[in-house]
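Here is a short report for a reader meeting this structure for the first time. Please look over the sequence and the model before reading on.

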Amino acid sequence: VIYKDLMGKALQEFKTAVSIYPYYPECYEQLGLAYFRLGNNDESLKNYEEAIKLNGGGATSYANQGIIYFNRGQYQKAMDLYKKAISLDPNYDDAYFNLGSVYGILGKYELAITNFKKCLEFKPDNAQAYYYIGITYKSLKNMEEAQKYLDKAYQLNPALKK
């Protein structure tokens with residue numbers, strides 16, 4: 001309940017900010033994030049689009065939209081948005097991770113692994129990236145590589161072992 005209250009207050013502050021200065025793209029990005037965290041994806045997308053319209057959009061605006069489309073099962077749209085985010089910020093580890101997830105869902109395992117590994121170049125302690133590389137190698141029936149990456153994931157985050 002406290003979280004929702006805080007997000008509600010944040011929404012009001014961001015709305016006030018854009019009512020004072022409606023050409024503030026970073027504020028629209030924050031509105032998009034707040035709406036996303038509250039589960040209002042339509043309003044989230046609307047605000048990310050406004051940020052993009054005002055400044056061409058930052059990598060985060062594109063990547064966060066990608067998450068919404070991924071969750072809706074619109075994988076091609078999500079993929080396009082993650083690729084756009086990476087083109088704007090080639091060091092954006094989360095965008096590589098999410099792009100890897102799309103490729104994994106689509107059965108493009110080699111591309112999934114490539115993107116998960118790219119994520120690790122920028123965030124070498126990302127246990128989830130190691131985990132998904134391991135799972136993807138399992139899908140490719142390469143159990144030796146799978147175990148190597150799963151072991152590293154469990155070392156970094158024992159909770160992944162379930």
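Which residues have the most contacts inside the largest nonpolar core? They are Ala85 and Ile133, in a core of 37 residues. The model is predicted, and the report below starts from that core.

## The nonpolar cores

The largest nonpolar core has 37 residues. Several helices feed it. Helix H3 (41-55), helix H4 (59-71), helix H5 (75-88) and helix H6 (93-105) each supply at least two residues. Helix H7 (109-122), helix H8 (127-139) and helix H9 (143-156) each do so as well. Apart from this core lies another, of nine residues. Tyr28, Leu31, Ala34 and Ala51 are among them. In soluble globular proteins, nonpolar side chains tend to be buried together.

Take Ile133, one of the two residues with the most contacts inside the largest core. Leave aside its neighbours within four places in sequence, and Ile133 is in contact with Ile113, Phe116, Lys117, Leu120 and Tyr149.

## The chain as a whole

The protein chain has nine helices and zero strands. Read along the sequence, its pattern is α-α-α-α-α-α-α-α-α. The C-alpha trace spans about 60 × 35 × 25 Å along its principal axes.

The protein chain has 162 residues, and 41% of them count as buried. Now consider the contacts with a sequence separation of 6 or more. Residues 24 or more positions apart account for 38% of these.

## H4 against H5

How do H4 and H5 run, roughly parallel or roughly antiparallel to each other? Their axes cross at roughly 165 degrees and come within 8 Å. Angles over 145 degrees count as roughly antiparallel, and H4 and H5 are therefore roughly antiparallel to each other. The crossing of H4 past H5 is left-handed.

On the H4 side, the contact is made by Ala59, Tyr62, Ala63, Gln65, Gly66, Ile67, Tyr69 and Phe70. On the H5 side, the residues are Tyr75, Lys77, Ala78, Leu81, Tyr82, Lys84, Ala85 and Leu88. By class, this contact of H4 with H5 has twelve nonpolar, two polar and two charged residues.

## Two buried residues of H4

Gln65 has its place in helix H4. Is Gln65 buried or exposed? Its relative accessibility is 1%, so Gln65 counts as buried. Not counting residues up to four places away in sequence, Gln65 touches Leu45, Tyr48, Glu49, Ile52 and Leu81. Of these, Leu81 also takes part in the contact of H4 with H5. Gln65 and Lys161 are 96 residues apart in sequence, and their C-alpha atoms are 30 Å apart in space.

Tyr62 is also placed in helix H4. Its relative accessibility is 11%, so Tyr62 counts as buried. Beyond its neighbours within four places in sequence, Tyr62 is in contact with Ile52, Gly56, Gly57, Leu81, Lys84, Ala85 and Leu88. Ala85 is one of the two residues with the most contacts inside the largest core. Tyr62 and Ala51 are eleven residues apart in sequence and 10.0 Å apart in space, C-alpha to C-alpha. Ala51 belongs to the core of nine residues.

## H6 against H7

At what angle do H6 and H7 pack? The angle is about 165 degrees, and the axes are 7 Å apart. That makes H6 roughly antiparallel to H7. H6 passes H7 in a left-handed crossing.

Asp93, Tyr96, Phe97, Leu99, Gly100, Ser101, Tyr103 and Gly104 represent H6 in this contact. They meet Tyr109, Leu111, Ala112, Asn115, Phe116, Lys118, Cys119 and Phe122 in H7. The contact of H6 with H7 divides into ten nonpolar, four polar and two charged residues.

## Helix H8 and the loop after it

Thr136 is found in helix H8. At 6% relative accessibility, Thr136 counts as buried. Which residues does Thr136 contact, leaving aside its neighbours within four places in sequence? They are Tyr109, Ala112, Ile113 and Phe116. Tyr109, Ala112 and Phe116 also meet H6.

Lys141 is found in the loop between H8 and H9. Lys141 is exposed, with a relative accessible area of 67%. Its phi is positive, about 65 degrees, although Lys141 is not a glycine. Most residues other than glycine have a negative phi.

Notes. Residues numbered from 1 in each chain as written. Predicted model: local features only at pLDDT ≥ 70, side-chain atom pairs only at ≥ 80, totals over all residues. Heavy atoms only, no water. Core = buried A, V, L, I, M, F, W, Y, C linked by side-chain atoms within 4.5 Å. Buried < 20%, exposed > 50% of the residue type's maximum accessible area, 1.4 Å probe, protein only. Helix = DSSP H or I, 4+ residues; strand = E, 2+ residues; numbered from the N terminus. Contact = heavy atoms within 4.5 Å. Axes fitted to C-alpha atoms, helices over the stretch in contact; angles between N-to-C directions. Parallel < 35°, antiparallel > 145°, perpendicular 65-115°, else oblique. Left-handed = near helix turned anticlockwise from the far one by under 90°. Nonpolar A, V, L, I, M, F, W, Y, C, P; charged D, E, K, R; others polar.
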